[in-house]
Amino acid sequence: MMKLLPTVIFIAAIGSGVVGGVFFAFSNFVMPAFARLPAAGGIAAMNSINVTVITPTFMTALFGTGLICLALIAAAIMGWSQPGSFWLLAGAVIYLIGNPIVTMVFNVPLNDALAAVDPASANGATVWTNYLSEWVMWNHVRTITAIVAMACFIMALI
């Protein structure tokens, strides 16, 4: 395992970067563009994305990187005296909390609530307004933590 560790850390860095890049795009131009649409159009567009995003590729990037982080936490703790262990542990914990956990605890329930509302109703417009502030705030958290985790993994390798 220790021989493979640099490769696994590299894969975690790439996974964190890919996930952070996707979330960065949403925070910086996808959601602002959807916010410019009438509520029904924004809801329809976001609901479509929330169905379309569930692909093996993206789920592997998001949750596969999380699984790798579990192994990296164990490796960091077992090899605590090794150079880079602090960075390795920090990156793995930051990614796990900031991405798979935040996604499941905050973003997915907001997605589910959005999918359940009638986009053309007054309640739909209210849910959409709340969604834009809450979901985007948690997406900023995911963006920042994925990028910070990537930087930590890079630091663990140098």
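## Exercises on helix H2 and a nonpolar patch

In this predicted model, the buried residues of helix H2 pack against H1, H4 and H5.

**Exercise 1.** Work out whether the span of H2 agrees with its number of residues, and determine how its buried residues are placed around the axis.

*Solution.* Begin with the length: H2 covers residues 39-52, which is 14 residues, and the expected span at 1.5 Å a residue, taken over one less than the number of residues, is 20 Å. The end C-alpha atoms of H2 are 20 Å apart, which agrees with that expectation. Next, list the residues of H2 that are buried, namely Gly42, Ile43, Met46, Asn47 and Asn50. Viewed down the helix axis, these buried residues fall within an arc of 125°, so they line one face of H2. The spacing has a general background: an α-helix has 3.6 residues a turn, so residues three or four places apart point the same way. Finally, turn to the other side of H2, where Val51 and Thr52 are exposed.

**Exercise 2.** Identify the residues of the nonpolar surface patch, and find which helix supplies its largest share.

*Solution.* First, collect the members: Phe10, Ile11, Ile14, Val18, Trp80, Phe86, Trp87, Ile154, Met155, Leu157 and Ile158 form the patch, and together they have about 1100 Å² of accessible area. Then assign them to helices: H1 (5-35), H4 (85-116) and H5 (122-157) each supply at least two residues, and the largest share, 4 residues, comes from H1. As a last step, consider Trp87, which lies in H4 and is partly exposed, because its relative accessible area is 34%, between the limits of 20% and 50%.

Terms used. Residues are numbered from 1 along each chain as its sequence is written. This is a predicted model: local features need pLDDT of at least 70, side-chain atom pairs count only at pLDDT 80 or more; totals for chains, interfaces and linings use all residues. Side-chain values use heavy atoms; hydrogens and water are left out. Patches are made of residues with over 30% relative accessible area and no salt bridge: like charges are joined within 9 Å, nonpolar side chains (Val, Leu, Ile, Met, Phe, Trp, Tyr) within 5 Å. Accessible areas come from the Shrake-Rupley method with a 1.4 Å probe; for residues, only the protein chains shown count as cover. A salt bridge is a side-chain nitrogen of Lys or Arg within 4 Å of a carboxyl oxygen of Asp or Glu. Buried means under 20% relative accessible area, exposed over 50%, partly exposed in between (1.4 Å probe, protein chains only). The arc is that of the directions from the helix axis to the C-beta atoms. Contact means heavy atoms within 4.5 Å.
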